[in-house]
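User: I'm new to this and would love a close look at one helix. Could you pick one and walk me through how it sits among its neighbours?

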Amino acid sequence: MTIAITGATGHLGRLVIEQLLARGVDPSTIVAGGRNEEVLGRLAAQGVRTARMDYADASTLDDAFAGAEKILLISGNEAGQRTVQHKAVIDAARRVDATLVYTSAPKASTTSLVLAPEHKATEGLLEGSGLTYTVLRNNWYTENYDDTIHQAVSTGSILTGAGGGRVASAPRRDYAEAAAVVLLSDDYAGEILELGGDEPWTFDELAATVAEVAGTPVAVDKVSVDEHVAALTRSGLDEGTARFVAALDANIADGALAGSDGTLSRLIGHPTTPLKQYVGELLGR
Ligand SMILES: NC(=O)c1ccc[n+]([C@@H]2O[C@H](COP(=O)([O-])OP(=O)(O)OC[C@H]3O[C@@H](n4cnc5c(N)ncnc54)[C@H](OP(=O)(O)O)[C@@H]3O)[C@@H](O)[C@H]2O)c1
């Protein structure tokens, strides 16, 4: 079976390939697609087949997907362009009638999460595609908070607009493992899987965890949306980006990322990486 992976040059894609190889998949049956030639070269050195893949050039998708039975569509990273890009991938997948696995967002079809509309649109395209597919609705990556954690240690505080909202995050490696499990099975065809960490945490809990691991006090500064936007623009973000980031925290405050039903840990066969372990690894403690 040949498995083609889009976004294979990105953080998640590289981890999915690691997970497939760790499960004994023959590297010559993996096609890793992306634009970054240097990373493609590193993947080729692992024995994986590589393909220069650009969502804007359908011929690169056709070349990469030739003979593929499964395709992992890792959502793109250009907000505003993603629905068109994902449509190009879905159309190419239809031309080879591959089974498609797509990385989406929590409760994409019903959530008010500001970044969900492109994921909802992509899920809609999949529904109308006639393809066999599985949706992995990945919650936040814990890595999203690497800077927050480092700053908490250096400044002794965390600023958040998320109030008491919970985040069911997990490190990318846990989601990558789930993607590998799903790609290597036919049991999840037609399923929409909500994936997140076992223990959704609040920012107070994040601060307490960092404080415990680093051995230094960490306070939480809870701010309103307007205060958050002002703080973010003061730190150098343009207003549009600041409003987007503040809206995401407001989504968290409203519970958009709080859900976790254990599907991720059941899929990967072990608990998701605990926050304390993650923080310890990040800080080298
Ligand atoms: N759940 C979360 O917390 C969270 C956080 C951030 C992002 N995400 C989503 O999850 C995805 C994967 O995360 P990640 O950390 O692996 O992101 P990433 O490191 O930014 O990787 C994105 C991948 O998409 C590829 N790509 C982007 N535009 C492309 C195009 N026009 N044509 C072909 N390939 C293109 C990139 O290829 P090249 O580098 O080779 O150009 C790269 O391989 C992101 O793209 C985003 O949709 C989720």
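Analyst: Let's start with a term we'll need: two residues are in contact if their C-beta atoms, placed from the backbone, lie within 7 Å. Keep in mind that this is a predicted model.

Our pick is helix α8, which covers residues 203-214. It has 12 residues and reaches 16 Å from its first C-alpha to its last, close to the 16 Å expected at 1.5 Å a residue.

Which residues of α8 are buried? They are F203, L206, A207, T209, V210 and V213. Looking down the axis of α8, you'd find these buried residues within an arc of 160°, so they line one face of the helix.

And what do the buried residues of α8 pack against? Their partners are two helices, α6 (146-155) and α12 (275-283), plus the strands β7 (157-160) and β9 (219-222). Right after α8 comes G215, and its phi is positive, near 70°.

One of those partners, α6, leads us to a loop: Y141 is found between β6 (133-138) and α6. Is Y141 buried or partly exposed? With 17 other C-beta atoms within 10 Å, Y141 is partly exposed; being buried would take 20 or more. Leaving out residues up to four places away in sequence, Y141 touches S169, P171 and R172. Y141 and L12 are 129 residues apart along the chain, yet their C-alpha atoms are separated by 9.8 Å.

Now zoom out. The largest nonpolar core has 48 residues, and I5, L72, L100, V101 and A179 have the most contacts inside it. Helix α7 (residues 172-183) gives this core its largest share, 7 residues. Apart from that core lies another, of 26 residues, including A162, W201, I252 and L275.

Conventions: Residues numbered from 1 in each chain as written. Predicted model: local features only at pLDDT ≥ 70, side-chain atom pairs only at ≥ 80, totals over all residues. Helix = DSSP H or I, 4+ residues; strand = E, 2+ residues; numbered from the N terminus. Expected span 1.5 Å × (residues − 1). Buried ≥ 20, exposed ≤ 12 C-beta atoms within 10 Å, placed from the backbone. Arc of directions from axis to C-beta. Core = buried A, V, L, I, M, F, W, Y, C linked by C-beta atoms within 7 Å.
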